[in-house]
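Me: I would like to go through a protein model with you, with attention to its domains, its core and its empty spaces. Could we take these topics in turn?

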Amino acid sequence: MPQSRAPIAGRFTREEVALASRNSGMPLEALRYDVTPTGLHYLLIHFDIPEADAARWRVEICGRVARPVSLSMDELKKFPSRTERVTLECAGNGRGQLSPRYPSVPWMEEGVSTADWTGVSLASVLRLAQPLDGGVEVAFHGADRGVDRGVEHAFARSLPLREALAEDVLLAYAMNGAELLPQHGAPLRLVVPGWYGMASVKWLQRIEVLERAFDGLQQQSSYHFRSSSLERGVPCRRIRVNSLMAPPGIPDFYSRARSAKAGTLAVHGRAWSGEAPIARVEFAVDGKWTQAELKGGSGKAWRAWQALWHAERGMHELACRATDAAGNTQPLAPVWDLGGFGNNSVQRVALSVT
Ligand SMILES: Nc1nc2c(c(=O)[nH]1)N[C@H]1C(S)=C(S)[C@@H](COP(=O)(O)O)O[C@H]1N2
Ligand SMILES: [Mo]
């Protein structure tokens, strides 16, 4: 006879449920794929997916440039194409582990994925417009509008001009060999390798070279590491070193508590960092750390790792921790942040071995 689950008092907040169901995460079993199948790629959409007709779409390059340009999708596709395999992670990934929690998307660990993005190098399009002396930042404006903390705006972010000129920053029109889907920014989005996801502006309409720091809300107020609301904070930029394992065994439907049979288990996962290549991954059973085996090359995407474990009967806690070539490593416990940003603490998975 199956056991029944007791009802839980109180309601979910309507806002939290709506945010979680609009913004799907990558199921951790999808860590098995080098490239996340498109339908399993996580999503983060602040407002509504805007109506966008590729046939009439234009992207404008304006501001401190000698030659303002406006390009149709057909014109953009005449530039040499370039494909980059990029791991995107939401800056708020891991927010759901923090207490007190910030009212935003309640990611636990699943706000990360990898895709092959195809488009044109932003640098080649910027060079066509010829940024003038005095240009310091480039702002990227999306077509999606909404209200956040009382301020109406279109989602927009900026990059320092020198970062925007890196050859691997893409104006992408395809994902995993197919046209971009509406939820991923069709017909055109920015992809900034190594940066937290908010930099990769979707539904990109306007690229503006600025002679001062961009003052949009998503740039100046959101996406800062802060320990109190009185602080100006430190902007979220490059992805902190992080790793995940695909939880071994099988899950309980409701609690997702996991169990596996005794014997040799191959535990596998992925590690990534926007700061430097992954240098090392360690795997722990009940707090005893051992070296995991790194697989594949190290590019701008996550790197596969594997650890073999002879699982003996009992309750165990599995954990993984990555270190990058710059010496950054994951903290053992979450570091609280006001907005719930940048939680790259080690993942812990409880496993019952029978
Ligand atoms: N225009 C626009 N671009 C956006 C967003 C958005 O809401 N609007 N969300 C950003 C955030 S916070 C993330 S994490 C990534 C998510 O990209 P994905 O949904 O394709 O995975 O898109 C970024 N680009
Ligand atoms: Mo995000």
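The conversation below goes through the domains, the nonpolar cores, one tryptophan, the pockets and the cavities.

Me: What kind of model is this, and how are residues numbered?

Reply: This is a predicted model, in which local features need pLDDT of at least 70, side-chain atom pairs count only at pLDDT 80 or more, and totals for chains, interfaces and linings use all residues. Residues are numbered from 1 along each chain as its sequence is written, chains are lettered from A and ligands numbered from 1 in the order in which they are written, and side-chain values use heavy atoms, with hydrogens and water left out.

Me: Which domains is the chain divided into?

Reply: The chain is divided into domain 1 (14-235) and domain 2 (242-353). These bounds come from an automatic or database domain assignment.

Me: What separates their centres, and how many residues are in contact?

Reply: Taken over C-alpha atoms, the centres of domain 1 and domain 2 are separated by 27 Å. In domain 1, 38 residues are in contact with 24 residues of domain 2, where contact means heavy atoms within 4.5 Å.

Me: On to the interior. Which residues touch the most other members of the largest nonpolar core?

Reply: That core has 53 residues, and Leu 76, Leu 122, Phe 140, Leu 171, Leu 190 and Ile 207 touch the most other members. Helix H3 (residues 122-129) gives the most to this core, with four residues. At least three residues of this core come from each of domain 1 (14-235) and domain 2 (242-353). A nonpolar core is a set of buried Ala, Val, Leu, Ile, Met, Phe, Trp, Tyr and Cys residues joined through side-chain atoms within 4.5 Å. Buried means under 20% relative accessible area, exposed over 50%, and partly exposed in between, with a 1.4 Å probe and protein chains only. Helices (H or I, at least four residues) and strands (E, at least two) are DSSP runs, numbered from the N terminus.

Me: What is Ile 207 in contact with?

Reply: Leaving aside neighbours within four places in sequence, the contacts of Ile 207 include Val 59, Ile 61, Leu 122, Leu 126, Phe 140 and Leu 171. Apart from the largest core lies another core, of 21 residues, among them Val 241, Ala 260, Leu 318 and Ala 322.

Me: And Trp 289: buried, partly exposed or exposed?

Reply: Trp 289 has 27% relative accessibility, so it counts as partly exposed. Trp 289 lies in strand E18 (residues 288-291). Its C-alpha atom is separated by 9.7 Å from that of Leu 318, 29 residues apart along the chain. Beyond neighbours within four places in sequence, Trp 289 is in contact with residues including Phe 283, Cys 320, Arg 321 and Leu 332.

Me: Changing topic: what volume has the largest pocket, and what lines it?

Reply: The largest pocket has a volume of about 750 Å³. It is lined by 31 residues, of which Tyr 102, Pro 103, Ser 104, Asp 148 and Arg 149 are the closest to its centre. Helix H1 gives the largest share of the lining, five residues. By class, this lining has 13 nonpolar, 10 polar and eight charged residues. Ala, Val, Leu, Ile, Met, Phe, Trp, Tyr, Cys and Pro count as nonpolar, Asp, Glu, Lys and Arg as charged, and the others, Gly among them, as polar.

Me: How are pockets and cavities defined?

Reply: On a 1 Å grid over the protein atoms alone, a cavity is a set of points where a 1.4 Å probe fits but cannot get out; a pocket is an open set with protein on both sides within 12 Å along at least five of seven lines, and lining residues have an atom within 4 Å of a point. Grid points are joined across faces, edges and corners, and a volume is the space filled by probe spheres set on the points.

Me: Where does the second largest pocket lie?

Reply: Domain 1 (14-235) and domain 2 (242-353) both give residues to its lining, so the second largest pocket lies between them. The volume of this pocket is about 490 Å³. Strand E22 (residues 347-353) gives the most to its lining, with four residues.

Me: How many cavities of 30 Å³ or more are there?

Reply: The structure holds three. The largest cavity has a volume of about 230 Å³, and its lining has 12 nonpolar, five polar and three charged residues.
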